[in-house]
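Reader: I'd love a close look at one part of this molecule, taken slowly. Please follow the paired charged side chains first, and then the surroundings they lead to.

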Amino acid sequence: MASSPPCCNGQQSFTITSRIKLNRHKDRGSHAVQKVYEILDEARVCHVSYVPPPPSSLSPEENEKKITKTNAKASSTPPIVSIPQLYGRSGDWLYLHGSISASMMKRSRPPKNALETTTETPTPKGVPLQCVVSVTLIDALVLARALFSHSMNYRSVVIFADEVYPVTSDEEKNFALKVISDNTLKGRWDDDNTRKPNPGELQSTGVIKIRLSECSAKIRNGPPGDSKADLWRTCWAGVVPIKTYFGAPVPDKACEDASVPLPPYITERFLKRED
């Protein structure tokens with residue numbers, strides 16, 4: 001597989017830009033690469049926000065007229081789409097996938113003969129798809145005496161992406177889809193009894209990769225922050241933990257009839273459940 005150009009080059013922290021500079025609750029923030037990657041590797045779903053392209057059937061002038069007629073403000077404020085996505089991380093890259101007809105995949109297609117030649121192996125040049133990716137893990141409800149002071153204990157990551165690359169080769173597509181599969185349930189892809197994507201499925205699937213170069217994390221962990229003026233109140237206050245775990249597997253009817261055993265990568269996770 002063609003290697004992607006390096007990003008963080010072993011840096012311990014992301015370079016702080018105006019977009020990831022922490023302004024509120026700076027004590028909760030982090031630009032540490034390891035902390036960002038730990039959160040990304042634990043979560044399974046992200047939200048991707050971007051500005052979709054205009055309908056392909058309309059010219060830019062026709063689309064502008066349509067937007068202006070529908071919403072006078074929209075002519076200067078493009079619509080923004082935010083969608084949930086499965087993802088996977090490999091090194092300094094985040095992989096996303098979807099139908100080739102999805103607007104995000106269309107927007108990331110490179111122009112013909114557009115290649116970066118700054119690395120030993122040419123990589124398709126990033127095209128004008130700018131997006132923001134966010135990931136959040138909720139660890140607890142934080143119940144204060146004052147409703148205004150209620151909160152949550154959480155771990156979150158925000159990624160600003162100006163460099164989005166389409167994955168074009170079947171070899172790297174397979175690699176990317178394995179990365180996404182492993183982040184969802186590690187071991188499933190390597191199960192010899194599962195069928196891997198065939199050529200038709202690869203052709204109909206779009207995959208993009210985002211360079212992880214502008215990221216920040218924010219973490220809250222602790223009790224409620226009531227003011228001294230509210231401590232006399234007798235309502236219960238504290239932290240209610242929230243845990244995510246694998247439940248008891250429910251077999252498909254065909255598996256049940258054939259008495260197909262559970263694979264180790266499922267039983268191991270189920271047995272590790274903490275009540």
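Author: Happy to! One yardstick first: a residue counts as buried when its relative accessible area is under 20%, as exposed when that area is over 50%, and as partly exposed in between. Please keep in mind that this is a predicted model.

As a backdrop, the protein has seven helices and twelve strands, and 33% of its 275 residues count as buried. Long-range contacts matter for what follows: among contacts with a separation of 6 or more, 75% are between residues 24 or more positions apart.

Now to the charged pairs. A salt bridge here needs a side-chain nitrogen of Lys or Arg within 4 Å of a carboxyl oxygen of Asp or Glu, and by this rule there are 14 salt bridges. One of them joins Asp162 to Arg19, with 2.8 Å from N to O. Because Asp162 sits in the loop between β8 (151–161) and β9 (164–166) while Arg19 belongs to the segment before β1 (29–30), this pair ties together parts 143 residues apart in sequence. Are these two partners buried or partly exposed? Asp162 is partly exposed at 36% relative accessibility, and Arg19 is partly exposed too, at 35%.

A second pair is Asp139 with Arg155, again a salt bridge with 2.8 Å from N to O. It links distant parts of the chain, with Asp139 in strand β7 (residues 131–143) and Arg155 in strand β8, 16 residues apart. Asp139 has a relative accessible area of 26%, so it counts as partly exposed.

The third pair is Arg145 and Asp226, whose closest N and O atoms are 3.0 Å apart. Arg145 is in the loop between β7 and β8, and Asp226 is in the loop between β11 (215–220) and β12 (238–241), so the salt bridge connects parts 81 residues apart in sequence. The partners fall into separate classes: Arg145 is partly exposed at 26%, whereas Asp226 is buried at 15%. Elsewhere, salt bridges that share partners gather Lys178, Asp182, Lys186 and Asp190 into one network.

Asp182 brings us to helix α4, where it is among the buried residues, along with Glu172, Lys173, Ala176, Leu177, Val179, Ile180, Ser181 and Asn183. Helix α4 has 15 residues and spans 21 Å from its first C-alpha to its last, close to the 21 Å expected at 1.5 Å a residue. What lies over the buried residues of α4? The cover includes α1 (33–42), β3 (81–90), β4 (93–99), α5 (199–203) and β10 (205–211).

Thr184 is also part of α4 (residues 170–184), and with a relative accessible area of 30% it is partly exposed. Leaving aside residues up to four places away in sequence, Thr184 touches Arg44 and Leu86. Thr184 and Val45 are 139 residues apart in sequence, yet their C-alpha atoms are 8.7 Å apart in space.

Last, a look at empty space. Rolling a probe the size of a water molecule over the atoms shows where such space is left. The second largest pocket has a volume of about 320 Å³. Of the 15 residues that line this pocket, Arg188, Cys255, Val260, Pro261 and Pro263 lie nearest its centre. The lining of the second largest pocket is made up of ten nonpolar, two polar and three charged residues.

Terms used
Residues numbered from 1 in each chain as written. Predicted model: local features only at pLDDT ≥ 70, side-chain atom pairs only at ≥ 80, totals over all residues. Heavy atoms only, no water. Helix = DSSP H or I, 4+ residues; strand = E, 2+ residues; numbered from the N terminus. Buried < 20%, exposed > 50% of the residue type's maximum accessible area, 1.4 Å probe, protein only. Contact = heavy atoms within 4.5 Å. 1 Å grid on protein atoms, 1.4 Å probe; cavity = no way out; pocket = protein on both sides within 12 Å on 5 of 7 lines; lining within 4 Å. Points joined across faces, edges and corners; volume = space filled by probe spheres on them. Nonpolar A, V, L, I, M, F, W, Y, C, P; charged D, E, K, R; others polar. Expected span 1.5 Å × (residues − 1).
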